[in-house]
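Let's take a walk through a protein together. Keep the sequence and the 3D view at hand, and try to find each spot as we get to it.

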Amino acid sequence: MKFIFLLGFVVLFQFSTFSQEVWSIDNAHSNIVFEVGWEDFSARTGEFKVFEGTLTTDSRDDLSDATFELKVDPASIDVIAANLSEQLKGEQFLDVANYPEITYHSSEAEAITDSTYISKGKLKIHGVEKDQEVLVEVRGFKETRRSYLFGLKVTLDINRTDFGLEWGAPRLGEKVKLVGHLLYQKRLEEE
């Protein structure tokens, strides 16, 4: 009897393991941009050019079980003014020499509509980790000759001072809006 129970458990475990799909961000066809207030009536915009991440889910149709992993290279920050980019990378702000990664790891997702979810997890910037909610919008799914493509738009709002990023005040606003247009890919040979 124990053998049958153990065999059933192993089969169930293998089935649940194989049913999960792991998707990887196609960096060349994705972007992460941000906007922060400037002088109370304008805004500065920029982007992070180097990042990677995965989406793990049991279903393309329902991301309620989805977990997200994202790693961003803060040294890849780019704004229109080169001297500002260097200041943002420096030790008085992102301090990329000592904090070479920005990470997000989700623990759960909650469906708001059929195509919109709230992902809840941990965001770590500048060595400080905080709970963070991320709005996830499904933009589409497509099968190509070599892979499956899954498009998501992610949006999050943070207060940069919560992460110890104090430089630039009061000219540079505290609230930062980040938007990622992320194209996830899973190659057909991974099936």
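We'll start with a space inside the protein and then move along some strands. Keep in mind that this is a predicted model.

Let's go looking for holes. If you search the whole structure for cavities of 30 Å³ or more, you come up with one. The largest cavity has a volume of about 550 Å³. Its lining is made of 36 residues, and the closest to its centre are Ile 32, Phe 48, Ile 102, Ile 125 and Leu 178. Try clicking on those five to get your bearings.

What kinds of residues make up the lining of the largest cavity? Sort them and you get 30 nonpolar, three polar and three charged. And which strand gives the largest share of that lining? That's β11, which covers residues 172-187 and supplies seven of the lining residues.

Now hop over to strand β1, residues 21-25. Follow the side chains along β1 and you'll see them alternate. Glu 21, Trp 23 and Ile 25 point to one face, and these three are buried. Val 22 and Ser 24 point to the other face and are not buried.

So who are the neighbours of β1? One is strand β4 (residues 51-57), which runs antiparallel to β1 and is joined to it by four bridges. Look for Val 22 here: the residue standing opposite in β4 is Thr 56. Another partner of β1 is β11, again in the antiparallel sense, with two bridges. Here Ser 24 has Gln 185 of β11 as its bridge partner. That brings us back to β11, the strand we met at the cavity lining.

Key: Residues numbered from 1 in each chain as written. Predicted model: local features only at pLDDT ≥ 70, side-chain atom pairs only at ≥ 80, totals over all residues. Heavy atoms only, no water. 1 Å grid on protein atoms, 1.4 Å probe; cavity = no way out; pocket = protein on both sides within 12 Å on 5 of 7 lines; lining within 4 Å. Points joined across faces, edges and corners; volume = space filled by probe spheres on them. Nonpolar A, V, L, I, M, F, W, Y, C, P; charged D, E, K, R; others polar. Buried < 20%, exposed > 50% of the residue type's maximum accessible area, 1.4 Å probe, protein only. Pairing = 2+ DSSP bridges.
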